[in-house]
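User: I'd like to go through this model and ask what stands behind some of the labels. Can you take me through the reasoning?

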Amino acid sequence: MCGIVGYIGYRDAFPIIIKGLQRLEYRGYDSAGIALFDGKDINLAKTKGKVEDLKNKASEISQKGSLGVGHTRWATHGVPNDVNSHPHYSNSGDLVIIHNGIIENYESIKKELSKRGYIFSSDTDTEVLVNLIEEVKKTEDVMLGKAVQLALNQVVGAYAIAVFDKRKPDEIVVAKLGSPLAIGIGEDEFFIASDASPFIEFTNNAVYLEDEEMAIIRLGKEIKLRKIKDDSVAYPRILELQMNLEEIEKGGYEHFMLKEIYEQPRAIKDTYRGRLHADQGLIRMAGIDQNLEKFTNANRIIIVACGTSWHAGLVAEYIFEDLARISVEVEYASEFRYRNPVITDKDVLIAISQSGETADTLAAIKLAKEKGAFVFGVCNVVGSTIARETDAGAYTHAGPEIGVASTKAFTTQITVLTLIALKLAKAKGVFSETKYHEYLTELETIPAKVERALESNPLIEIIANVYKDSTNCLYLGRGYNFPVALEGALKLKEISYIHAEGYPAAEMKHGPIALIDEHMPVFVIATKKGHYEKVVSNIQEIKSRKGKIIAIVTEGDEQVRDLADHVIEVPETLESLTPLLTTIPLQLLSYHIAVMRDCNVDQPRNLAKSVTVE
Ligand code: M6R
């Protein structure tokens with residue numbers, strides 16, 4: 001987690017780094033810091049709190065210089081405070097480092113360095129690393145790049161680092177293992193960042209380091225890439241970025257989350273654009289077309305993911321089994337990787353990840369590959385580690401998702417997974433032509449139906465106001481909408497800090513029903529298709545225990561309206577596509593409740609957008 005930014009060139013580094021940190025704040029926001037070299041000295045400011053706090057703190061230092069690094073932190077080692085914030089100096093004061101990741105063996109290295117007289121002012125693993133680099137540099141009498149390479153061979157863990165030496169201010173050394181690192185290449189200037197958003201207005205050319213690679217970035221020279229293990233030469237692969245500035249700004253919305261909720265009609269359309277050809281009865285997806293037999297001959301599909309992506313995986317389980325008749329297991333990546341799972345070369349593993357950087361999902365991919373499974377990625381961030389590590393894949397094309405709470409990632413993941421399931425259903429011949437066409441045509445109507453679902457926003461705001469002070473909430477759904485209930489509960493707890501549980505509606509009577517009284521709001525997904533009558537019975541059960549019922553229903557529904565305290569309508573669609581609509585009001589509800597409770601919607605406490613530690 002954590003975001004890192006660096007600049008070396010001819011412009012003032014300060015505004016570039018501060019703006020860059022603000023764009024990366026989604027990655028961690030408990031403390032922040034900046035170090036600038038003014039031609040003579042390093043000026044450093046760091047503080048507990050957000051980048052905004054850092055801006056105030058930095059008014060106490062000189063903001064001059066065209067070389068600098070900055071950091072926004074999600075604490076792993078040491079509490080969030082000023083001292084533990086990055087950047088960190090080496091003992092001599094010559095070297096400065098920023099780090100995203102964890103050095104697992106830092107304690108033994110720290111002991112060794114302490115014996116040699118090193119003093120540590122923070123509790124961080126990062127301060128240990130910068131001093132290890134200094135020690136290697138001194139004892140081996142080598143240049144900074146070589147010292148970084150030798151030092152990294154002694155550490156166990158994950159890192160994206162940037163280091164510079166004030167005695168050699170034309171150079172920054174960066175390295176990566178496990179955490180992302182992009183280098184923006186301009187004319188006579190270089191940018192370093194955890195993703196490309198900090199430098200998108202300056203250059204479209206970027207190099208993404210692979211794991212175990214480092215780069216020596218020197219002004220006036222080409223960047224030199226080396227393998228950390230043996231110092232052999234690696235060759236930079238320069239990518240042309242597609243991202244634009246508009247996509248990473250709020251565009252008039254109060255929060256990124258709201259903007260991203262409203263972007264869903266466009267995002268879903270972009271996800272199927274060029275793939276779904278309803279008029280020709282065709283779905284084109286290169287990653288599937290080229291590996292079709294792997295899927296159709298698979299014993300089973302294993303889906304691994306975390307959080308919201310895991311919920312999209314659960315929806316996919318229903319879709320794949322129902323439409324394509326392929327057996328599916330959905331696993332939390334964090335459990336799967338440590339469970340010694342049975343995996344064979346007849347299995348296909350689908351890894352779902354918005355960021356493409358989630359450490360547990362990445363580890364699950366590596367494990368499945370070792371065991372011979374074919375691994376397919378569904379990612380949003382182009383060029384991300386998971387996108388590169390998988391055998392094939394399909395991007396979701398949602399555009400940058402900056403709010404920590406996933407919204408458009410969820411609906412676009414479901415869109416991609418639906419396209420895959422339909423393709424496989426066709427290839428396996430388990431679907432009639434008529435049914436296949438019906439699905440393709442209906443999928444094309446979804447963006448407009450999402451627009452309609454968004455029109456309930458004013459009503460949802462009123463309902464949010466009624467329940468904003470609740471301490472507990474239940475979310476119930478059945479079949480395809482059970483994962484939507486889980487997702488609704490996750491959205492509420494992560495941004496409004498209200499305890500919420502998602503349950504399959506029928507499971508309620510096996511325990512959670514004991515919680516229901518007049519103070520318990522129960523959000524029930526009760527759309528017309530999919531166990532409607534059974535859900536209506538569950539609603540009766542809640543009502544007879546005086547629970548407050550907020551139901552998501554199909555447009556025109558009368559039966560539930562008579563029972564529920566509030567109803568929110570969504571347009572009618574095919575059962576398997578309902579999650580794309582029913583999730584919308586639940587996202588808006590969480591959003592409004594969080595705003596009303598004065599919570600930080602885009603950066604909820606203790607969380608980070610991209611979870612690159614396990
Ligand atoms: O980037 P990923 O999709 O791999 O991230 C997985 C989870 O960390 C993520 O979905 C998380 O649960 C979100 N904050 C949920 O809104």
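Analyst: Sure, let's go through a strand and then some salt bridges, keeping in mind that this is a predicted model.

User: Let's start with β4. What makes β4 a mostly covered strand?

Analyst: Strand β4 covers residues 67-73, and seven of its seven residues are buried. Leu67, Val69, His71 and Arg73 point one way, while Gly68, Gly70 and Thr72 point the other way, and all are buried.

User: Why do the residues split into two sets like that?

Analyst: Because side chains in a regular strand alternate between the two faces of the sheet.

User: How do you know that β1 and β4 are paired?

Analyst: The cut-off is at least two bridges. Strand β1 (residues 3-8) is joined to β4 by six bridges, and the two run antiparallel. Tyr7, for instance, stands opposite Gly68 in β4.

User: And what joins β2 to β4?

Analyst: Seven bridges, again antiparallel, with β2 made up of residues 31-37. Here Leu36 has Gly68 as its bridge partner in β4.

User: On to charges. Why is the Asp211 and Lys366 contact called a salt bridge?

Analyst: The nitrogen has to be within 4 Å of the carboxyl oxygen. For the side chains of Asp211 and Lys366 the N to O distance is 3.8 Å, so the pair qualifies. The partners are 155 residues apart: Asp211 is in the loop between β11 and β12, and Lys366 is in helix α12.

User: What makes Asp211 buried but Lys366 partly exposed?

Analyst: Buried means under 20%, and partly exposed runs from there up to 50%. Asp211 has 18% relative accessibility, so Asp211 counts as buried. Lys366 has 33%, so Lys366 falls in the partly exposed range.

User: How do you know that Lys449 and Glu442 form a salt bridge, and are they buried or exposed?

Analyst: Their N to O distance is 2.6 Å, which is within the 4 Å limit. Lys449 has a relative accessible area of 14% and Glu442 one of 15%, so both count as buried under the 20% cut-off.

User: What about Lys491 and Glu494: how far apart are they in helix α17?

Analyst: They are three residues apart, which means about one helical turn separates them. Their closest N and O atoms are 3.4 Å apart, so this is a salt bridge too. Lys491 is buried at 1%, and Glu494 is buried at 14%.

User: How many salt bridges does a search of the whole structure find?

Analyst: The search finds 41. Some form a network, which links Lys259, Glu263, Arg266, Asp270, Arg273 and Lys408.

Notes. Residues are numbered from 1 along each chain as its sequence is written. This is a predicted model: local features need pLDDT of at least 70, side-chain atom pairs count only at pLDDT 80 or more; totals for chains, interfaces and linings use all residues. Side-chain values use heavy atoms; hydrogens and water are left out. Buried means under 20% relative accessible area, exposed over 50%, partly exposed in between (1.4 Å probe, protein chains only). Helices (H or I, at least four residues) and strands (E, at least two) are DSSP runs, numbered from the N terminus.
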